[in-house]
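Biologist: I'd like a close look at the buried interior of this one. Could you pick a cysteine to start from and walk me outward through its surroundings, polar side chains and rings included?

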Amino acid sequence: MEIYHDLRPTGINTRDKLYSGWPNAGADCYKNVNEATKSETDYNYNFDKAGFAQTQSVLYTLGTYSGGDAISRITLKGYYRVVNTGGVSGARARFRIKTGGTIYEDSFFNPDTSAFSLYTKDYTTNPKTGNPWSAAEVNALAAGDSLQSLWYSELHNSRSYCCQFWVEVE
């Protein structure tokens with residue numbers, strides 16, 4: 001029988017650039033995505049007007065894992081969507097983890113444009129060691145995402161959103 005432990009964001013480990021959020025921004029943006037049930041009324045998003053394609057990234061500190069070392073995998077999970085205006089499309093998102101002091105970034109994916117949809121990324125081994133995860137490694141893990149926007153003008157842009165994020169330990 002598999003047992004799952006959900007680790008929700010409890011704070012910010014690192015942020016690249018100013019990370020946008022609603023209603024919480026900056027160091028409190030983890031509060032927009034840490035709920036146990038998806039809420040589309042609070043979210044993190046990238047709406048950077050600094051240039052054509054801008055990426056904002058965050059790594060969250062996570063709740064404590066209380067299970068043993070028999071970990072078959074960790075799965076990053078989140079609900080994402082893209083909002084396009086003025087015919088512009090192309091905003092993207094990707095998962096990130098930090099283990100053993102090294103940041104690993106997954107490939108960008110293209111979220112749905114009609115609704116928040118669940119996206120996942122499995123790690124059966126720790127990419128730093130190549131070995132199965134240990135409880136100590138999971139408790140030292142930081143995880144999050146990068147949200148990319150495309151900006152042409154106030155009326156022509158594409159933004160990526162995340163309304164819930166967590167790490168599932170199996």
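Modeller: Let's start with Cys-29, which counts as buried at 0% relative accessibility; keep in mind that this is a predicted model. You may wonder what keeps the sulfur of Cys-29 from bonding to the closest cysteine sulfur. That closest sulfur belongs to Cys-162 and sits 9.8 Å away, which is too far for a bond. Cys-163 is another buried cysteine, again with a relative accessible area of 0%. The closest cysteine sulfur to Cys-163 is in Cys-162, at 6.4 Å, and that is too far for a bond because a disulfide needs the two sulfurs within 2.5 Å. Searching the whole structure turns up zero disulfides.

So what does Cys-29 do for company? Its backbone oxygen is reached by the side chain of Asn-44, at 3.2 Å. Asn-44 has its place in strand β4 and is buried, with a relative accessible area of 0%. Leaving aside residues up to four places away in sequence, Asn-44 touches quite a list, including Tyr-19, Ser-20, Gly-21, Asn-24, Cys-29, Tyr-60, Leu-147, Tyr-161 and Cys-162. That puts Cys-29 and Cys-162 on one contact list, that of Asn-44.

Step along to Asn-46, in the loop between β4 (43–45) and β5 (53–62). Asn-46 counts as buried at 0% relative accessibility. Its side chain reaches the backbone oxygen of Leu-147 at 2.6 Å. Beyond residues up to four places away in sequence, Asn-46 touches Gln-54, Thr-55, Gln-56, Leu-147, Gln-148, Ser-149, Arg-159 and Ser-160. Leu-147 and Ser-160 also turn up among the contacts of Asn-44.

Now back towards the loop between β3 (20–22) and β4, where Pro-23 lies. The peptide bond running from Trp-22 to Pro-23 is cis, with omega near 5°. As background, most peptide bonds are trans. Tyr-30 lies in the loop between β3 and β4 too, and it is buried, with a relative accessible area of 16%. Tyr-30 touches Pro-9, Thr-10, Gly-11, Ile-12 and Tyr-60, again not counting residues up to four places away in sequence. Tyr-30 and Tyr-60 are 30 residues apart along the chain, yet 6.9 Å separates their C-alpha atoms.

Tyr-60 is a handy way into the nonpolar interior. The largest nonpolar core has 29 residues, and Tyr-60 is one of those with the most contacts inside it, along with Ile-74, Leu-76, Tyr-80, Phe-165 and Val-167. Two or more residues each come from β5, β6 (74–85), β7 (92–99), β9 (117–123), α1 (135–140), β10 (142–153) and β11 (156–169). The largest share, four residues, comes from β11. There's also a second, separate core of seven residues, which includes Tyr-45, Tyr-79, Tyr-161 and Trp-166.

The rings deserve a look as well. There are 11 aromatic pairs in total. Take Tyr-80 and Tyr-119: their ring centres are 6.2 Å apart and their planes are at 70°, so the pair is edge-to-face. Tyr-80 sits in strand β6 and Tyr-119 in strand β9, so this pair ties together parts that are 39 residues apart in sequence. Both of these tyrosines are buried. Tyr-119 also pairs with Phe-109, and here the centres are 4.6 Å apart with the planes at 20°, so that pair is stacked. Phe-109 lies in the loop between β8 (102–105) and β9, so this link with Tyr-119 in strand β9 spans 10 residues of sequence. Phe-109 is buried too, with a relative accessible area of 14%. Ring pairs link Tyr-60, Tyr-80, Phe-95, Phe-109, Tyr-119 and Phe-165 into a cluster, which brings us back to Tyr-60, the residue that touches Tyr-30.

One last stop: arginines over rings. Arg-92 lies over the face of Phe-108, at 4.1 Å from the ring centre, while Arg-81 lies over the face of Phe-116, at 6.0 Å from the ring centre.

Conventions
Residues numbered from 1 in each chain as written. Predicted model: local features only at pLDDT ≥ 70, side-chain atom pairs only at ≥ 80, totals over all residues. Heavy atoms only, no water. Buried < 20%, exposed > 50% of the residue type's maximum accessible area, 1.4 Å probe, protein only. Polar contact = N/O pair within 3.5 Å; in protein donor to acceptor, adjacent residues only side chain to side chain. Contact = heavy atoms within 4.5 Å. Core = buried A, V, L, I, M, F, W, Y, C linked by side-chain atoms within 4.5 Å. Phe/Tyr/Trp six-rings, centres within 6.5 Å; stacked < 30°, edge-to-face > 60°. Lys NZ or Arg CZ within 6 Å of the ring centre and 35° of its normal.
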